[in-house]
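Hi everyone, thanks for making time this morning. Please have a look at the structure on the screen, and I'll talk you through it.

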Amino acid sequence: MSIAERATQITWEGPLASGEGKLSEGSSGALDGLPLTWASRTEQPGGKTSPEELAAAAHSSCFAMALALKLGENHTPPQRLDVTATVILEAVDGIPTITMSRLKVSAQVAGLDAEAFAAVVDQAAALCPVSRLFAGAKISVDAELDKTESPRPTD
């Protein structure tokens with residue numbers, strides 16, 4: 001039994017180089033009307049999105065949720081997590097291929113040292129469903145614990 005199912009449709013008109021697509025009929029409606037083009041994918045976005053940007057949004061939000069869960073299970077819930085995913089599109093044997101998703105994490109977590117934080121980050125990386133979806137691509141996580149002092153939360 002699935003936990004969730006979400007769908008989005010795109011309608012594309014025209015040839016690749018000069019055509020344009022629009023997302024529509026998304027499960028939530030949040031993406032409806034977002035335009036994308038080949039140029040927004042490979043040159044300048046110009047206010048349009050791309051599959052790589054959408055994949056980066058999925059990966060960063062998924063990883064943030066997985067890390068928040070694991071930090072909570074560790075009794076050190078985060079005050080703040082900033083997660084950036086950069087998805088890389090490269091030509092591999094002349095074929096455009098997503099080869100990497102690079103995650104950068106900055107975290108404010110009270111009562112946790114860098115070594116313990118790194119262990120929890122590894123747990124989150126193994127848990128994140130989008131990371132597992134990208135299993136054939138290289139995924140790197142550069143996680144940094146913010147050294148700013150904040151009070152330890154009470155359980």
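**Two pockets, two domains, a few salt bridges**

Let me start with the second largest pocket, where α1 is the element that gives the most to the lining, with 3 residues. Before I go on, please keep in mind that this is a predicted model.

So which residues are we talking about? The second largest pocket is lined by S40, R41, T42, E43, P45, K48, T49, S50, E52, E53 and L89. At least two of these lining residues come from each of α1 and α2. For the chemists in the room, the lining splits into 5 charged, 4 polar and 2 nonpolar residues. Its volume is about 210 Å³.

Where does this pocket sit relative to the domains? Domain 1 (1-48) and domain 2 (49-143) both contribute lining residues, so the second largest pocket lies between them.

That brings me to the domains themselves. The domain assignment of the protein chain gives domain 1, covering 1-48, and domain 2, covering 49-143. Their C-alpha centres are 23 Å apart. As for how they touch, 11 residues of domain 1 are in contact with 8 residues of domain 2.

Now, two of the residues in that lining deserve another look: R41 and E52. Their side chains meet in a salt bridge, with 2.7 Å from N to O. E52 belongs to helix α2 (residues 51-73) and R41 to helix α1 (residues 38-42), so this pair ties together parts that are 11 residues apart in sequence. Are the two partners buried or exposed? E52 counts as buried, at 7% relative accessibility, while R41 is partly exposed, with a relative accessible area of 30%.

How many salt bridges are there in the whole structure? The search finds 4, and I'll show you two others besides the one we just saw.

One of them is between K70 and E73, whose closest N and O atoms are 3.0 Å apart. Both residues sit in helix α2, 3 residues apart, which puts about one helical turn between them. K70 is buried, with a relative accessible area of 18%; the cut-off for that word is under 20%. E73, on the other hand, is partly exposed at 48%.

Another is formed by the side chains of D82 and R80, again with 3.0 Å from N to O. Here D82 is partly exposed at 34% relative accessibility, and R80 is partly exposed as well, at 47%.

Let's move on to the largest pocket. Its volume is about 560 Å³. There are 20 residues in the lining, and R6, L31, A58, S61 and V130 are the ones nearest the centre of the pocket. If you want to find it by element, look at α2 and α4 (129-133), which are the elements that give two or more residues to this lining. The biggest share is from α2, with 7 residues.

What is the lining of the largest pocket like in terms of residue classes? It divides into 13 nonpolar, 6 polar and 1 charged. And both domains take part here too: the lining of the largest pocket draws at least three residues from each of domain 1 and domain 2.

To finish, let me point out two single residues that you can find on the screen.

The first stop is S101, in strand β5 (residues 95-109). With a relative accessible area of 2%, S101 is buried. What does S101 touch, leaving out residues up to four places away in sequence? The list is H59, A85, T86, V87, F134, K138, I139 and S140.

The other stop is G136, in the loop between α4 and β6 (138-145). G136 is exposed, with a relative accessible area of 86%. How far is G136 from E43? The two are 93 residues apart in sequence, and their C-alpha atoms are 25 Å apart in space. You may remember E43 from the lining of the second largest pocket.

So, if you take two pictures back to the bench, let them be these. One is the second largest pocket, lying between domain 1 and domain 2, with R41 and E52 in its lining and a salt bridge joining that pair. The other is the largest pocket, with 13 nonpolar residues in its lining and α2 giving the most to it.

Thanks for listening, and I'm happy to go back to any of these views.

Technical notes:
Residues are numbered from 1 along each chain as its sequence is written. This is a predicted model: local features need pLDDT of at least 70, side-chain atom pairs count only at pLDDT 80 or more; totals for chains, interfaces and linings use all residues. Side-chain values use heavy atoms; hydrogens and water are left out. Helices (H or I, at least four residues) and strands (E, at least two) are DSSP runs, numbered from the N terminus. Buried means under 20% relative accessible area, exposed over 50%, partly exposed in between (1.4 Å probe, protein chains only). On a 1 Å grid over the protein atoms alone, a cavity is a set of points where a 1.4 Å probe fits but cannot get out, and a pocket is an open set with protein on both sides within 12 Å along at least five of seven lines; lining residues have an atom within 4 Å of a point. Grid points are joined across faces, edges and corners, and a volume is the space filled by probe spheres set on the points. Ala, Val, Leu, Ile, Met, Phe, Trp, Tyr, Cys and Pro count as nonpolar, Asp, Glu, Lys and Arg as charged, and the others, Gly among them, as polar. Domain bounds come from an automatic or database domain assignment. Contact means heavy atoms within 4.5 Å.
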